[in-house]
Amino acid sequence: MSPVALSALVALAAASTRVLAQDSTSSSFIPLASKSFSYPDGIPYQADTDDLTRGTQQGYNLCNSTTEGPNSMCQTAFVNHLDDFCLWSSPKPNETIGDTEGEEVAWCTKKGRGTRLIPAGALTGVQFMKTPDYLQVVGFIDQTKINLQADDGGGELDPHGADLRGNPLGGLVYSNGFASNNGNNDTYQQVHEWHNFMGSNSFCFKVCDPAGPNAAALCQHIFDRIGVLYNCPNAAQNGTFEYCEGENQDPPGIYTSNGQVVTYTQPPESLGAIQTMPYQPRIPASSNCVQLPSSALYTDLVAASASATGASGSGATPAPTGKTGSSGSVGSGTRSGSAAGVTATGDANQGNGAGAMGISVISTLAGVMFAVAFLA
């Protein structure tokens, strides 16, 4: 590439950064993570009413029985329990997270909230962890059944993004499972800090208690290139469905080496694939684990699959009318492209063979420009 062409690409990338910065610094702009809506009575039709660089919100947040089904564009998700959670994924078949992260919709295990339902048999192993400050669901999934390409390394969804509008745009998350909710299953709290890693037939969705002192750090959103293993260290096993209680993990990117607390800095994608890591994440201790058969957990999904072939609709957005991977720990998730192995070079404080981590291989300036414009 000539020096002139290279300079032009760099200038264009810088311009993209400036445009996004203007989007998020407008006096009337409110970041998604700062917006509050009570559930269910305070939910707007769309949480994001802006029309900025990335356009408008593709789906809607006001969801009910009229929107439920395989064509739902509902962008309101829930993480409550082992048998009751959602994942973000593409509304269109055979896509990648990197290409559709701004428009993902909620795929859930329970009927009644106006979303799409995860097809029966797609989930092949799930661990739900309840800790003092967050809820975390990790597991294994046939991602082709939720519209992702079989070989998609995936990426991270969170309520921030480079333009602070979130991925997906306007995506809202709620839970009734936090300790601060005092066991009231009828009351839902809005989750302002969360991250959902999808890809390589595995997933992690962590939601941090808004009443907790460390929500932003535990649900960090800046380590998108080092995947589930480092953001959601876990001991999930393919073929096992279990609920556990556990201690908090170390905040992503924070580790101890030779008695010193160290903060990891993720390198920019322009430097190429991450080949090694200076540390191995600590898997938090767990207790009171209870295993259950999937047939007893996801009864709504069996019914959904049985009726899905007769579902009507042309894919048009409905309008609300009212208010399998291999066994071992889950450890994948990238922005886009194929995954590559990463070796931890620091002190390994876990020797249980946690799953291989997926990393981004976008290393060209074109990739950098794409990431600057659309990814966080």
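Two strands count as paired here if DSSP finds at least two bridges between them. Keep that in mind for the first stop, and keep in mind too that this is a predicted model.

**Stop 1: the sheet and its edge**

Select strand 7 together with strand 10, residues 194–199. The two run antiparallel to each other and share three bridges, which clears the cut-off of at least two. For a landmark on this seam, click Gly-155: across from it, in strand 10, stands Met-198.

Now widen the selection to the whole sheet. Seven strands make it up, in the order 7-10-11-6-5-12-16. The sheet is open and its pairing is mixed. Strand 7 (155–157) sits at one edge and strand 16 (286–291) at the other, each with a pairing partner on one side only. Look along the strands and you can follow the turn from one to its neighbour, which averages 15° when direction is ignored.

**Stop 2: the disulfides**

Next, show the cysteine side chains. How many disulfides does the structure hold? There are five. Counting bonded cysteines along the chain, they connect as 1-2, 3-4, 5-8, 6-7, 9-10. Three of them are on this tour.

Start with Cys-63 and Cys-74, whose sulfur atoms lie 2.2 Å apart. Both cysteines belong to the loop between helix 1 (3–25) and strand 1 (76–81), with eleven residues separating them in sequence. Switch on a surface and look for the pair: Cys-63 and Cys-74 are both buried. Set a dihedral about their S-S bond and you should get about 100°, so this disulfide is right-handed.

Move on to Cys-208 and Cys-219, another disulfide with 2.2 Å between the sulfurs. Cys-208 is in strand 11 (residues 202–208), while Cys-219 is in the loop between helix 3 (215–218) and helix 4 (227–231). These two are eleven residues apart. The S-S torsion of Cys-208 and Cys-219 is about 95°, so the bridge is right-handed. Is Cys-208 buried or exposed? Its relative accessible area is 1%, so Cys-208 is buried. Cys-219, at 0% relative accessibility, is buried as well.

The last disulfide to select is Cys-244 with Cys-289, at 2.0 Å from S to S. This one brings you back to the sheet: Cys-244 lies in strand 12 (residues 241–246) and Cys-289 in strand 16, so the bond ties together parts that are 45 residues apart in sequence. Strand 16, remember, is one of the edge strands. The torsion about the S-S bond of Cys-244 and Cys-289 is about 115°, so this disulfide is right-handed too. Its two ends differ in exposure: Cys-244 is buried at 0% relative accessibility, whereas Cys-289 is partly exposed at 39%.

**Stop 3: salt bridges**

Hide the cysteines and bring up the charged side chains. A search of the whole structure turns up seven salt bridges, and a few are worth a visit.

Pick Lys-92 and Glu-103 to begin with; their side chains meet at 3.2 Å, N to O. You will find Lys-92 in the loop between strand 2 (84–89) and helix 2 (97–100), and Glu-103 in the loop between helix 2 and strand 3 (105–108), so the contact joins parts eleven residues apart in sequence. Which of the two partners is buried? Glu-103 counts as buried, at 19% relative accessibility, a value that falls under the 20% cut-off. Lys-92 is partly exposed, at 36%.

For the final view, centre on Arg-282, in the loop between strand 15 (276–277) and strand 16. One of its partners is Glu-247, with the closest N and O atoms 2.5 Å apart. Glu-247 sits in the loop between strand 12 and strand 13 (254–257), 35 residues from Arg-282. Add Asp-250 to the selection: the side chains of Arg-282 and Asp-250 also meet in a salt bridge, at 3.1 Å, N to O. Asp-250 is in the loop between strand 12 and strand 13, 32 residues from Arg-282. Through shared partners, Glu-247, Asp-250 and Arg-282 join into one network.

Colour the trio by accessibility before you leave. Arg-282 is partly exposed, at 24% relative accessible area. Glu-247 is partly exposed at 36%, and Asp-250 is partly exposed at 31%.

Note on methods. Residues numbered from 1 in each chain as written. Predicted model: local features only at pLDDT ≥ 70, side-chain atom pairs only at ≥ 80, totals over all residues. Heavy atoms only, no water. Helix = DSSP H or I, 4+ residues; strand = E, 2+ residues; numbered from the N terminus. Axes fitted to C-alpha atoms, helices over the stretch in contact; angles between N-to-C directions. Disulfide = S-S within 2.5 Å. Buried < 20%, exposed > 50% of the residue type's maximum accessible area, 1.4 Å probe, protein only. Salt bridge = Lys/Arg side-chain N within 4 Å of Asp/Glu carboxyl O.
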